[in-house]
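Please open the model in the viewer and keep the sequence panel visible. The tour below proceeds by selection, with a short account of what each one shows.

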Amino acid sequence: MVIDCKHVWDHISGYLDGELSAEERAIVQKHLEHCEICSAILDSTRNILILTADERVFELPLDYSARLHARLDEEIRRLRA
Ligand SMILES: [Zn+2]
């Protein structure tokens with residue numbers, strides 16, 4: 001199964017949180033192996049999540065997911081520029 005970058009971005013937070021099924025995880029992993037943009041986004045996202053953990057934010061704000069996606073869009077634009 002071949003997936004595009006957009007599909008990976010939708011799953012990236014779940015991937016980092018270990019919330020994906022084994023099948024989804026394998027698909028995302030396979031894509032990351034050959035896609036530089038998604039690998040870079042994964043690294044950035046991981047950094048954002050580490051920052052969040054460092055601030056001891058146990059209850060995520062309601063708009064957390066929306067902000068994460070906005071941040072991802074920003075990263076994607078930057079990487080493509
Ligand atoms: Zn990609």
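The pLDDT is the predictor's confidence in each residue, on a scale from 0 to 100. This is a predicted model, and it is well to begin by colouring the chain by that score. The average pLDDT of the chain is 80, and 77% of the residues score at least 70. Among the elements, α2 has the highest mean pLDDT, 93, and α4 the lowest, 78. Where pLDDT is low, the predicted coordinates should not be read in detail.

**The whole chain**

Next, switch to a cartoon view. The chain has 4 helices and 0 strands, so that its elements run α-α-α-α from the N terminus on. Of the 81 residues in the chain, 7% are buried. Considering contacts between residues at least 6 apart in sequence, 62% join residues that are at least 24 apart.

**The nonpolar core**

Select Val8, Ile12, Tyr15, Val28, Cys38 and Ile41, and show their side chains; these 6 residues form the largest nonpolar core. Two elements, α1 (5–17) and α3 (36–54), each give two or more residues to this core. The largest share, 3 residues, comes from α1. In soluble globular proteins, nonpolar side chains tend to be buried together.

Now centre the view on Val8. Which residues does Val8 contact, leaving aside its neighbours within four places in sequence? They are Ile3, Val28, His31 and Cys38.

**Where α1 meets α2**

Select α1 together with helix α2 (residues 22–34). The two helices pack at an angle of about 115°, and their axes are 11 Å apart. The crossing of α1 past α2 is left-handed. To see the contact itself, display Val8, His11 and Tyr15 on the α1 side, and Glu24, Arg25, Val28 and His31 on the α2 side. The residues of this contact comprise 3 nonpolar, 2 polar and 2 charged. Val8, Tyr15 and Val28, already displayed as members of the core, appear again in this contact.

**His69 in the last selection**

Finally, move to helix α4 (residues 64–80) and select His69, which lies in it. Is His69 buried or partly exposed? His69 counts as partly exposed because it has 14 C-beta neighbours inside 10 Å, whereas a buried residue needs 20 or more. Add Thr45 to the selection and draw a distance between the two C-alpha atoms: the separation is 9.7 Å, although His69 and Thr45 are 24 residues apart along the chain.

Methods:
Residues numbered from 1 in each chain as written. Buried ≥ 20, exposed ≤ 12 C-beta atoms within 10 Å, placed from the backbone. Contact = placed C-beta atoms within 7 Å. Core = buried A, V, L, I, M, F, W, Y, C linked by C-beta atoms within 7 Å. Axes fitted to C-alpha atoms, helices over the stretch in contact; angles between N-to-C directions. Left-handed = near helix turned anticlockwise from the far one by under 90°. Nonpolar A, V, L, I, M, F, W, Y, C, P; charged D, E, K, R; others polar.
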